[in-house]
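Student: Please take me through this structure by asking, for each term, how the value satisfies its definition.

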Amino acid sequence: MLFNAFLQALREIRRNLMRSLLTATGIVIGIASVIAMVNIGKGASESITQSISQLGSNTLYIIPGQERGPGSQSVMVKAFKMKDVEVLKESITTLKAISPSESTTMTVLYKDKNHQCSIRGIDNGYFDVQNWALKAGRNFENSELRTGQNVCVLGQTVIKELFASDESPIGKKVRLENFSCDVVGVLEAKGANTFGMDQDDLVLVPIKMFQRRISGNDNLHLIMAAVKENIPLEEAKLQIQRLMRERRHIKTGEEDNFSVRSMTALLDTITQITSMLTVMLGAVAAISLVVGGIGIMNIMLVSVTERTREIGIRMAVGAMAQDILVQFLIEAVVLSGIGGIVGIIMGMAITVGVSVAMDITLVIDPSITMIALLFSMLIGIVFGIIPARKAANMNPIDALRYE
Amino acid sequence: MIRLEKVTKFYGRGEGETRVLKGIDLEIKSGEFVAIMGPSGSGKSTLLNILGALDVPSGGNYYFSDTDIRALTKEQLALFRRYILGFVFQGFNLLKKTSALENVEMPLIYLGMKAKARKQQAIEALTSVGLEDRIAYEPGQLSGGQQQRVAIARAMVTHPKVLIADEPTGNLDTKRGHEIMQLIKNFNAEGITVIMVTHEKDIAAYASRTIYLRDGMIEKESNHAV
Ligand SMILES: Nc1ncnc2c1ncn2[C@@H]1O[C@H](COP(=O)(O)OP(=O)(O)O)[C@@H](O)[C@H]1O
Ligand SMILES: [Mg+2]
């Protein structure tokens, strides 16, 4: 009986194919957006999680000021000095490596070529914090760091831009605008980060040299530290906070005028934003599903009226009210279910397309697929019940006489 | 087998009340072939629809083999139609864009039969009305006479006890009409009770008894020699 109703439903849908497809469009769009949204959302947060753990989930960022937003409060707040780095390095035993990191953008010249990129003043700890190996050459010698000599380590993109493919940059001199610099090392390629930024487009120089030649002062605006394995990030964070409060003479009860951040905090923020977006888009999808459901109800009401005669004939040969009810209900469910299936396929196609285009991890969640399918069928039941009851409650004789 | 006592049917109330049946007493025995005749608007179809449990009387009693039909629920009436009755209408009432075979199979679905048995039984019914070579045709591809044969096959496929026919030849020419009547006559000969409305004398002549309705009442009755 149910199976026959199912076959009958397919036949009716095929009979009015165009109308059925248009009716199911609302469901298709609703389900496709749910599927795409959830899968892309999951893929995106997976990608972000992955690249954050690549960046180092054990990395702490120590920044003067509380907010680094557009308020530019950090300018007002006392910057760090090299002494802070040294004291942190000596006192905080839970740290594996530490380095200042001062950046600016400059033009680098070699022979007749020039290239604009990021110049970063660092300590040797930077390589450990970033977990970044050298491909060739060496890192900075202590004497170079102490006196701030004009030496540098180049990223792969800079090398590609300035040097011929068969030319080794080690031992060559590049110009950073108005002074020249000996290339002592070459970094491994790291590729783009989550936000699409090329991480290899940089020149590393000793922090002392950066301060003397480029910034012209001894202020530091970012200290990066890697926490030892098996040590909770929070523990190291608290130690740093305690020490820095002391060094910056912050009284008990006063707020910090610096902050210690980790990428896990960033991850939390991103997760929050993602789930907020998911809820918002989910609401949009829900509305479109309701609209789709109303469309199905509308077309089923039309169909019931058009087929009044058929209902009368079926009742004459002995169909009970519930047989008619089930028949029309199944038709509504099949209609919305087909919309759901098409929506799932479209949603998956969108997921694949967006994931490839935006270089996000491709995630297809089987549970959301099942839920979407069941939900689309539920819509058929909810919005099909009124037309189906209208059909089932007809009088056989009135239905048969209907013109 | 069938007994009507003072069956009435009124439409509307008060001023606008129409009394279509004004007290019908009627008894029909198993295996009879009854024709109902009378002028247009005399209440023939109304009476037949009540006998066929498609409509309910306003008053009186209706017994079928001692079952009080008026006491049945909507669902029980559906089952009564499903297992006991078969219908043939003037306008054929076949499902559009549905093959003859599927039209005839349809009542068997409600009997809960399996697809294979259903198909076999429907083909048998179509063969018995001489349409074995038209099973895949849709109503639109069949002549009026052929469509009415499909309708008869659909009515007979469940092996009902009673065949209810409202002007089965009304839309057919004389020759096709007599062909249809011959089929119905054959089913009656196999023991099926037939109740048929017609306004044509030579169609009524197939019946063993004719009831004349006038103005909602039985005017007279006549028995034919079988
Ligand atoms: N649903 C209805 N409402 C009001 N009057 C009706 C209805 N159905 C039938 N009638 C009336 O009942 C009378 C008998 O109709 P019917 O039984 O179809 O006559 P017949 O079949 O003998 O031509 C007609 O006058 C018709 O107008
Ligand atoms: Mg009539």
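Student: What makes B:Gly41 a polar contact of ligand 1?
Tutor: A backbone N or O atom of B:Gly41 lies 2.8 Å from an oxygen atom of ligand 1. A polar contact is a pair of N or O atoms within 3.5 Å; within protein, one must also be able to donate a hydrogen and the other to accept it, and residues adjacent in sequence count only if both atoms are side-chain atoms. The pair at B:Gly41 therefore qualifies. The model is predicted: local features need pLDDT of at least 70, side-chain atom pairs need 80 or more, and totals for chains, interfaces and linings use all residues. Side-chain values use heavy atoms, without hydrogens and water; residues are numbered from 1 along each chain as its sequence is written, with chains lettered from A and ligands numbered from 1 in written order.

Student: Which side chains have a polar atom close enough to ligand 1 to count?
Tutor: Among them are B:Ser45, with a polar side-chain atom 2.8 Å from a ligand oxygen, and B:Thr46, with one at 2.5 Å. Taken alone, ligand 1 exposes 570 Å², and the protein buries 63% of that (Shrake-Rupley accessible area, 1.4 Å probe; for residues, only the protein chains shown count as cover).

Student: Why is the site of ligand 1 called shared?
Tutor: A residue is near a molecule if one of its heavy atoms lies within 4 Å of it. The residues around ligand 1 include A:Arg401 as well as B:Tyr11, B:Pro39 and B:Lys44. Residues of chains A and B surround the ligand, so the site is shared between chains.

Student: Which helix gives the most to that shell?
Tutor: Helix α1 (residues 44-51) of chain B does, with 3 residues; a helix is a DSSP run of H or I of at least four residues, numbered from the N terminus.

Student: How do you know that B:Arg82 and A:Asp323 form a salt bridge?
Tutor: The term requires a side-chain nitrogen of Lys or Arg within 4 Å of a carboxyl oxygen of Asp or Glu. The N to O distance here is 2.9 Å, and the pair therefore meets the rule. Across the interface of chains A and B, the rule finds 2 salt bridges.

Student: What is the area buried between the chains?
Tutor: About 2100 Å² is buried between chain A and chain B, with carbon and sulfur atoms giving 56%. Buried area is the accessible area (1.4 Å probe) that two parts lose on being put together, summed over both. In chain A, A:Ile313, A:Val317 and A:Met320 lose the most to chain B, together 26% of what that side buries.

Note on methods
Helices (H or I, at least four residues) and strands (E, at least two) are DSSP runs, numbered from the N terminus.
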